[in-house]
Amino acid sequence: MIDIAVEAALEAGAFLKAHVGKVHQIERKFGEETNLVTEIDKESERMIIGRLRSKFPAHDFLCEESGNHQTSSEYKWVIDPLDGTINYTHALPIFSVSIGLEYKGEMLLGVVYDPNLNELFTVERGHGSFLNGQPLHVSRTDRLIESLIVTGFPYDIKKNPSHAVEHFSHFLMEAQAIRRLGSAALDLCYVAAGRFDGFWEVKLNPWDMAAGVLLVEEAGGKFTDFDGRPSTIYKKDMLATNGVIHDQMLRVLSAANDHARSRS
Ligand code: IPD
Ligand code: CA
Ligand code: CA
């Protein structure tokens, strides 16, 4: 199954790369001015579903653009056909394809492909995480002040700030530096690869996380909610780290939440 997922990710990634700068239709989703979908997102998703369904016709699918294709299968493919749509519409070459497979409610395998750097991240539960076939391990950084961390922001932040600004400002004071790349799937891959020490975000969707959180866990990292409880791809607020700085990041999130509540 991972081989077919890799084929689908490579094919969709090549399609995305070939169409950078050639977006013709930008639509807004859910009435939000900044939540975009293009004809490229939709075509990428059609390609991925087509390839996977031709091999696994009975499997269930949860896809960002076409939603849930409910079946009675215990296998569910969770797909983000273009993670980084805003970057893509600006021809900023930071975007990816993310494909995860859930079995009986647990992530089984995942593939994230960055066609710009030709980086293919793959993972199977119990068998480790890989970048272009080389094993990955999270970083060993043990102090937040020496940590490079990353985040993202929800599309509805203007209506529902979700304490995201407070989280950001608190981490600014506590970490070495913060980045915002614009592709949550890559953020997670980079934690797995030890490039980032931690990643937090509010209101992520299952397709942003499906492959990436398994990559982090299989690379030796940790994935929880903001209270430090084991999480799933269906819980929206997420923290993924090298494990060593996890508690330090939880403390900052908690302090930022307290601060935000005390002001409201
Ligand atoms: C978005 C990106 C971004 C994250 C947003 C996601 P999309 O996905 O992953 O980094 O901050 O929360 O929705 O819309 O480009 O697939
Ligand atoms: Ca996404
Ligand atoms: Ca997307």
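Me: What distance separates an oxygen atom of ligand 1 from an N or O atom in the side chain of E201?
Reply: This is a predicted model, where local features need pLDDT of at least 70 and side-chain atom pairs 80 or more, though totals use all residues. Numbering starts from 1 along each chain and for ligands in written order, and side-chain values use heavy atoms. For the E201 side chain, the pair with an oxygen atom of ligand 1 (N or O atoms within 3.5 Å) is at 2.5 Å.

Me: How much of ligand 1 does the protein bury?
Reply: Besides E201, a polar backbone atom of G84 lies 2.7 Å from a ligand oxygen atom, and a polar side-chain atom of E64 is 3.3 Å from one. Taken alone, ligand 1 exposes 380 Å² (Shrake-Rupley, 1.4 Å probe), and of that area the protein buries 96%.

Me: Between which domains does ligand 1 lie, and why?
Reply: The shell (residues with a heavy atom within 4 Å) holds 16 residues, with D83, G84, T85, Y155 and E201 the closest. Because both assigned domains give residues to that shell, ligand 1 lies between domain 1 (2-135) and domain 2 (144-263).

Key: A polar contact is a pair of N or O atoms within 3.5 Å; within protein, one must be able to donate a hydrogen and the other to accept it, and residues adjacent in sequence count only if both atoms are side-chain atoms. Domain bounds come from an automatic or database domain assignment.
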